[in-house]
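Hi everyone, thanks for making time. I'd like to walk you through one model this morning, so please have a look at it on the screen.

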Amino acid sequence: MEQSQSVDVSDEFLVVEGEQTHSNNAALTDLPTPLIFSATTRQHTDLFKNYSGDIGLIMTVNGHKISTKASTQVLSLASPVWSQVIQNYAAGKFNFMKNNQELSNHEVGARGGTSQHLDFTEDNTEALTVLLNIAHLDFGKVPRKELCFSKLLNLAKLVAKYKCLSLVEPFYKNWLEGEDFEPFQDGHENWLFIAYVFGRHAAFAKLTKKIAKEVRVNKDGSLIDSLGQLFKDPMPHGILESIQEVRETTIKNTLDIWYHYVDSLIDSQTISCKLGKADCDELAFGKIVMALKQLNLWPAKTEIDLSVNDLADKLKGFSFGALGKGHEGCHEVSEIQRLTVEVAQGIPSPILYSHYSAMTSACMTLNCGAKDQEYDNCEDLDF
Ligand SMILES: [Zn+2]
């Protein structure tokens with residue numbers, strides 16, 4: 001279908017001027033709230049089409065506030081959030097919108113019977129235009145290939161914010177083609193949010209475990225990622241708390257293996273030495289305690305700042321040395337080290353039922369195949 005034949009390209013973009021005349025572009029980004037303006041025409045890059053719509057939109061392009069038009073009917077069908085905003089406009093419930101947290105950035109900018117505008121200036125414009133182009137059937141401007149991490153995250157934010165997942169159903173699989181690799185790059189921890197929004201169970205399950213094995217805590221007790229950075233929003237609700245809990249439990253289980261073994265060596269009721277020599281146990285006790293002390297894990301600790309992976313690496317790495325002729329098999333420290341690695345590798349899944357449920361719902365909306373819903377570690381899910 002030929003689209004928008006009546007649209008004059010020179011009118012595609014409107015740069016919004018404030019009520020007072022601004023002498024420079026910087027002033028345009030500093031409009032008063034609520035926005036009160038008249039719109040003047042200015043040519044701009046071909047980022048977003050000026051639909052022959054009945055409501056104006058304001059978004060930020062290269063630092064400028066740009067006005068264009070959209071169809072209220074299309075917006076209402078595309079997103080229940082937009083639908084609510086438009087209904088409120090129609091009902092004149094401007095005060096309600098101003099007091100509503102979710103809708104607070106959609107204040108109307110109308111005065112004296114001039115056009116009304118939705119304010120999208122806080123949204124990522126590139127992601128927003130993808131959604132608007134899909135909604136208005138301008139598929140030629142919709143990306144069809146894999147999207148990089150930052151673009152995917154921006155889209156996931158808006159899809160979640162405007163509850164318009166079904167809108168991207170024909171496109172999302174291409175966008176997510178890197179899901180076997182991209183989520184696991186350092187600094188891509190927010191891929192958790194992408195996987196959560198688009199119902200990618202397997203990527204979510206693998207990434208939560210990877211993060212749980214890699215996270216450390218800083219001096220303030222806050223979780224930090226593999227690069228030593230604090231986690232940033234957006235993250236699925238409750239996932240960081242769950243990751244922290246799983247990390248603490250796994251570290252405790254790891255350390256308990258060693259502390260229990262050390263305790264057994266000083267238990268006067270039993271002798272572990274195969275030859276029944278108490279001094280063999282005492283020597284083993286001394287060697288292990290020395291090693292733990294060098295790793296700053298003795299006296300016995302319950303909280304450490306290491307990651308699960310780092311702790312396992314340190315414990316499996318130290319050399320126990322010989323106990324003396326005839327005592328080679330008395331204390332199988334290598335077996336304790338093997339158990340240590342096993343505990344780290346078998347870290348429980350931090351996924352909560354709320355995450356599983358939300359992703360399953362997303363899968364249904366997107367008509368994911370059964371394979372897309374598979375977990376690699378289904379047996380780990382404890383709900
Ligand atoms: Zn012995």
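I'll go from the overall counts to the strands, then to the helix packing, and finish with some backbone details.

Before anything else, please keep in mind that this is a predicted model. The protein has 13 helices and seven strands. Of its 383 residues, 32% are buried. If you take the contacts between residues at least 6 apart in sequence, 67% of them join residues at least 24 apart.

Let's turn to the strands. Please find β3, residues 55-61, and follow the chain into β4, residues 64-70. These two strands run antiparallel, and seven bridges join them. One pair to look for is Val-61 with His-64, its bridge partner in β4. The hairpin has two residues between the strands, and Asn-62 there takes a positive phi near 50°.

Now, β3 has another partner as well. That is strand β5, residues 117-119, which pairs with β3 in the parallel sense over three bridges. Here you can look for Leu-57, whose bridge partner in β5 is Leu-118.

How many residues of β3 are buried? Five of the seven are, so β3 is largely enclosed by the rest of the structure. Strand β4 is mostly covered too, with six of its seven residues buried.

On to the helices, and let's start with α8 and α9. Helix α8 covers residues 201-214, and its axis comes within 9 Å of that of α9, with a crossing at roughly 55°. The two helices are therefore oblique to each other. The crossing is right-handed. From α8, the contact uses Thr-208, Ile-211 and Ala-212, and from α9 it uses Ile-239, Ile-243, Val-246 and Arg-247. Sorted by class, that contact has five nonpolar residues, one polar and one charged.

Stay with α9, which spans residues 239-265, and look at how it packs with α10, residues 278-294. Are α9 and α10 roughly parallel or roughly antiparallel? They pack at an angle of about 150°, and their axes are 9 Å apart. That angle is over 145 degrees, the cut-off for this class, so α9 is roughly antiparallel to α10. This crossing is left-handed. On the α9 side you'll see Trp-258, Val-262 and Leu-265, and these meet Asp-281, Ala-284, Phe-285, Ile-288, Val-289 and Leu-292 of α10. By class, the contact has eight nonpolar residues, no polar ones and one charged.

Next, some backbone details. As a reminder, most residues other than glycine have a negative phi, and most peptide bonds are trans. With that in mind, where do we find cis bonds here?

One is the peptide bond from Asp-233 to Pro-234, with omega near 0°. Pro-234 sits in the loop between β7, residues 223-224, and α9. Another runs from Trp-298 to Pro-299, and its omega is near 5°. Pro-299 belongs to the loop between α10 and α11, the latter being residues 308-317.

That loop between α10 and α11 also holds Asn-296. Phi of Asn-296 is positive, near 60°. Is Asn-296 buried or exposed? It counts as exposed, because it has 11 C-beta neighbours inside 10 Å.

There is also Asn-367, in the segment after α13, residues 353-366. Its phi is near 55°, again a positive value in a residue other than glycine. Asn-367 counts as exposed, because it has 9 C-beta neighbours inside 10 Å.

What touches Asn-367 from elsewhere in the chain? One such residue is Glu-169, which touches Leu-366 and Asn-367, leaving aside residues up to four places away in sequence. You'll find Glu-169 in the loop between α5, residues 149-162, and α6, residues 172-175. Glu-169 has 13 other C-beta atoms within 10 Å, so it is partly exposed. For a sense of distance, Glu-169 and Phe-198 are 29 residues apart in sequence, while their C-alpha atoms are 9.5 Å apart in space.

To recap: β3 pairs with β4 in the antiparallel sense and with β5 in the parallel sense. Helix α9 packs with α8 obliquely and with α10 roughly antiparallel. Thanks for listening, and I'm happy to take questions.

Terms used:
Residues are numbered from 1 along each chain as its sequence is written. This is a predicted model: local features need pLDDT of at least 70, side-chain atom pairs count only at pLDDT 80 or more; totals for chains, interfaces and linings use all residues. A residue is buried if 20 or more other C-beta atoms lie within 10 Å of its own, exposed if 12 or fewer, and partly exposed in between; C-beta atoms are placed from the backbone. Helices (H or I, at least four residues) and strands (E, at least two) are DSSP runs, numbered from the N terminus. Two strands pair if DSSP finds at least two bridges between them. Axes are lines fitted to C-alpha atoms, for helices over the stretch in contact, and angles run from 0 to 180 degrees between N-to-C directions. Angles under 35 degrees count as roughly parallel, over 145 as roughly antiparallel, 65 to 115 as roughly perpendicular and the rest as oblique. A crossing is left-handed if the near helix is turned anticlockwise from the far one by less than a right angle, and right-handed if clockwise. Two residues are in contact if their C-beta atoms, placed from the backbone, lie within 7 Å. Ala, Val, Leu, Ile, Met, Phe, Trp, Tyr, Cys and Pro count as nonpolar, Asp, Glu, Lys and Arg as charged, and the others, Gly among them, as polar.
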